Amino acid sequence: MGCSGLFILCFVLKVAHCLEGLGGEGIAEITHITAILGEDVDLSCSYLGESEIQSAKWKRRINSENKFQRLAGIVNGIPFSRSIYISEPDSLTNLTVKMKVTSVEAEGEYICEFESDEEQYPHSVYLTVEARPDVQMLVNAETINGSHYQSVSCSAVGGRPVPQISWLVAGRPPSDVTFAVGVSETVHSNGTSTLSSILRFPTHLQDEDSVACVVQHPTFPVPKLTTVSVETYTRPNVSINAEMVQRAGSEFWVVSCISSGGRPDADIALALNGDEELQREDKTDSDMQTSSVVLPATVYEGQNVTCVFDHPKFTHQVSRVITLPSFYLESGVQLLNSELGSNSDDYQGTEPLEVQEGQRDTVISLQVTGNVPHYNVTCKKDDGPLPDGVELVGNSLTVQGPVEHRHAGLYECFFSYHHVKATLKFNVTIKPQVIQPVPPTVRVDLQTEGGHSVIECSAADAVPAADMSWLLPEGVSGVSWFNFTSHNGSHSVRGVLLLPACSPWELTAECVINHPAFEEPEKRSIALPLCARPKIAINSSTEWKDGDEFTKVDCSVDSVAPAATISWHVGNVDNSISYLFQTDVRADGSVSARSSAHVLSSLSSGQNLTCTVEHPSLEAPEERTIHILVHKAPLLSVSLVRQQDSPLWLAVCDYRGEGVGADLAWVLPEKAIGQTSQHSEYEGRVIKARLTYQFPLALHEGQDLTCAYRFEHGATEKKTVHVPRYHISSVRVLNRTSPLQSRYGGETITHRLALQERLRNQRVLLRVEGNVPEYSLICKRSDGSFVQMDGVAMVFWSELTERDEGLYCCRASFYHHTATVNIQVEVTSKDKQLALAAIICMSSALAILLILVVTLWVCCKGNSSSQYKNKESLSALTSLMQEPGSPEVKKPAVTENTSKEYTQLVSYSIVLDIKSTV
């Protein structure tokens, strides 16, 4: 009892001492750690005391029975790590390591322990593992009982702990009236779980075009908001219209029911007078839905056509009605004499009309009021045909040439459209001409305005008015107009001709004036000035933008007004090229036009970019051309390199192309732990890049390594190199040997080889079986000394003696592939072979002789011996036959396969033990 108390007291003092040591020389910077699955975490632990630390390590508690697993640390000054996912510590007092969290099973208690000569300083750290979920969204649609529903699924996959999911519609939580939310959770075997939430709603009750899923999880610094687009319904705009068309010489009404801007399409029903069903023509484009019916115009006069629209956004059906018009023609007609300016509003009876004798270009306009689409017109004079020189053109009667007395009389015109008709009567009288012609005063003037030449020709104060026209050279056109004025019975005509400000060649315009006072037409000529030729310049430059090379071409033209027109095309095809155009008017009146075109060099490489200039001063458009250099396609190649003096192989990906950067990456198998590096250099506009990947052969043997280059536009080019799979199956001895096999498996473990004594340059030829491109072959004696090699042969340069006998081991290797062979070398000579043959022959002869003597002695003795003696002799002989050799020379039974081996190794001895009885 006293001993037990003393033991308890010592234990308590020891614990107190340990606690005191922890308080004075404890471990600092220890924190509770939370890690994210798939990422690295730092296990920090430092010793801040004054004791000299001998070893330090991290270990993990395996279970509640205080079983631990050593992870990393420093023992005897050597750092170690038991896992490829845990780094080695820096020093004895700083036990901080980096650990990659690969599974949820990494969660648990980790103990950092420092050990000095006197004490141990442990401390526990509990690692909590969280998994960042992957948010996935999916939209499904279905139709139930004619109603369209949508279901939006939001899944937080692989999270730990379980995430929280909520929804936002138009920035607010969804209402319970329209939306239904369902939640489900799935637990995975790796310790993570998936939470899925489904938002379901009828499409016609939801007006927002997107919904948002909000996922909250400790691994997200802020809740993750994911938005997905959903289908929405839009109330359409509906209308009805009628359009008249002509088909096969007849008029038809095309009545169209139109629904625009709606989603989905509306249901359209079209009926006549509300009950008659019609044959429809339906047409739907991206935003408009049309249902049309074609009706004969004269058959459906005054009838109603109804369009009925139905849509999920309508609370009830919407109707639109249109009434087709009834045709009519008014019997009244308005007559207008353009020359005299007389008109009448009297639509009854016969209308009088007075026309001046000698008047030219007389037009009598016939106007009808009504709503018919068209009508037929026929006219007659005095119940007969129209006189010569009077023609019905459209809705007018025109008098060709001067008006004469024969044109007077009663005219009747008849207007008709199917059953609708109207009639017009008017009486034409001729007023005699009593006029003394007065010649006009002619004047011509040239001015320049707004980049054009304005030629003005006037014939003033003439009686009657002069007739004026313009005469231009062939191929030249201009804009002209004439003004007529009258004053105190005299008439003036002013003609204006608008031409370019200048001409590339000599141009003369003539003003031609006809008048009764002139015997011949008067002509006035005026010449336009020659234009100065424009100055055209073109230059180009290149620039890079977002990794693409662009060619910028400037085409400038300095000319007189107006500004030149500049257009672009690539090669021989008129392409739509985007360009900037600007003009600048200078103080001297000249104009500078400048056009800048930007083209992607890769799309237009090797082609000509042409600037075409058009200007009034040029007889024909002029062109200036810039050649765009050929854009070379990038070159990508991959290869394998075996490095000298290194156990690692090197995969090389070379890139050469034009650009500002090379986006190269290795696409490697899983668990690749090699090291990659990239180097780039420029040669003018060409970039040369090399991406290397260094790895041990055993890691990727038999696999494909792929190098990928990503273009700026998103496409990817890949090149693959195959890492061969090598093997060394065995090392064979080509000399004549005999095998020595294992007594257990029957496999050959050693090859026995006999070499001649006292001969030089004897060789043991070897061959390596396998597919390796090269190998290292070395041979050693059993004592570890190396043997000289000559290629694939083991060579004994000096004379062979018995000291060269023994076991030799030859090993072939290529990286991690190896194979060995064991050779038992024996040294023989001709004298030894002859002596051995003589001994074998003598022993055999002596054995045969002894057997004959014994046989004769037994036969002779048998006749005279008693039965007892016969039995004893027979027993002795039987014993002799059963034991032909002494126990010292007995050999184990040999099989048929090993009989040849023992024939060479064993010298037989026959011993006869003759027993006799005295």
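**Figure 1. Asp-554 and Arg-594 share a salt bridge in this predicted model.** Asp-554 is buried, at 8% relative accessibility; buried means under 20% relative accessible area, exposed over 50%, and partly exposed in between (1.4 Å probe, protein chains only). Its partner Arg-594 is partly exposed, with a relative accessible area of 33%. The two side chains meet at 2.9 Å, N to O. A salt bridge here is a side-chain nitrogen of Lys or Arg within 4 Å of a carboxyl oxygen of Asp or Glu. Asp-554 sits in strand S42 (residues 548-559) and Arg-594 in strand S45 (residues 591-600), so the pair ties together parts that are 40 residues apart in sequence. Helices (H or I, at least four residues) and strands (E, at least two) are DSSP runs, numbered from the N terminus.

Two notes apply to every view. Residues are numbered from 1 along each chain as its sequence is written, and side-chain values use heavy atoms, with hydrogens and water left out. The model is predicted: local features need pLDDT of at least 70, side-chain atom pairs count only at pLDDT 80 or more, and totals for chains, interfaces and linings use all residues.

**Figure 2. Arg-752 forms a salt bridge with Glu-826.** The closest N and O atoms are 2.5 Å apart. Arg-752 belongs to strand S57 (residues 748-756) and Glu-826 to strand S63 (residues 817-828), so this pair ties together parts that are 74 residues apart in sequence. Arg-752 counts as buried, at 14% relative accessibility.

**Figure 3. Lys-380, Asp-383, Glu-412 and Lys-425 are linked in a network of salt bridges.** Within this network, Glu-412 pairs with Lys-425, and their closest N and O atoms lie 3.6 Å apart. Glu-412 is in strand S32 (residues 409-417) and Lys-425 in strand S33 (residues 420-431), so the pair ties together parts that are 13 residues apart in sequence. Glu-412 is buried, with a relative accessible area of 12%. Lys-425 is partly exposed, at 36%. Side chains of opposite charge can pair when their charged atoms come close. A search of the whole structure finds 25 salt bridges.

**Figure 4. Glu-142 makes a polar contact with Arg-200, side chain to side chain.** The distance is 2.9 Å. A polar contact is a pair of N or O atoms within 3.5 Å; within protein, one must be able to donate a hydrogen and the other to accept it, and residues adjacent in sequence count only if both atoms are side-chain atoms. Glu-142 lies in strand S11 (residues 134-144). Its relative accessibility is 36%, so Glu-142 counts as partly exposed. Not counting residues up to four places away in sequence, Glu-142 touches Ser-147, His-148, Tyr-149, Ser-151 and Arg-200. Contact means heavy atoms within 4.5 Å. Glu-142 and Pro-202 are 60 residues apart in sequence, yet 9.6 Å apart in space, C-alpha to C-alpha.

**Figure 5. Leu-225 is an exposed residue in a strand.** The strand is S17 (residues 224-229). Leu-225 has 51% relative accessibility. Leaving aside neighbours within four places in sequence, Leu-225 is in contact with Leu-168, Ala-212, Cys-213 and Val-214. Leu-225 and Val-214 are 11 residues apart in sequence; their C-alpha atoms are 4.7 Å apart.

**Figure 6. Strand S24 pairs with S20 and with S25.** Strands pair if DSSP finds at least two bridges between them. Six bridges join S20 (residues 267-272) to S24 (residues 304-310), and these strands run antiparallel. Ala-269 has Val-308 as its bridge partner in S24. S24 and S25 (residues 318-323) are also antiparallel, again over six bridges. Here Thr-306 has Val-321 as its bridge partner in S25.

**Figure 7. Leu-846, Leu-849, Leu-850 and Val-853 form a nonpolar patch on the surface.** Together they have about 350 Å² of accessible area. Areas come from the Shrake-Rupley method with a 1.4 Å probe; for residues, only the protein chains shown count as cover. Patches are made of residues with over 30% relative accessible area and no salt bridge: like charges are joined within 9 Å, nonpolar side chains (Val, Leu, Ile, Met, Phe, Trp, Tyr) within 5 Å. Leu-849 is found in helix H4 (residues 830-864).

**Figure 8. The whole protein has six helices and 63 strands.** Of its 918 residues, 35% are buried. The protein exposes about 54,900 Å², with carbon and sulfur atoms supplying 51% of it. Among contacts with a separation of 6 or more, 59% are between residues 24 or more positions apart.
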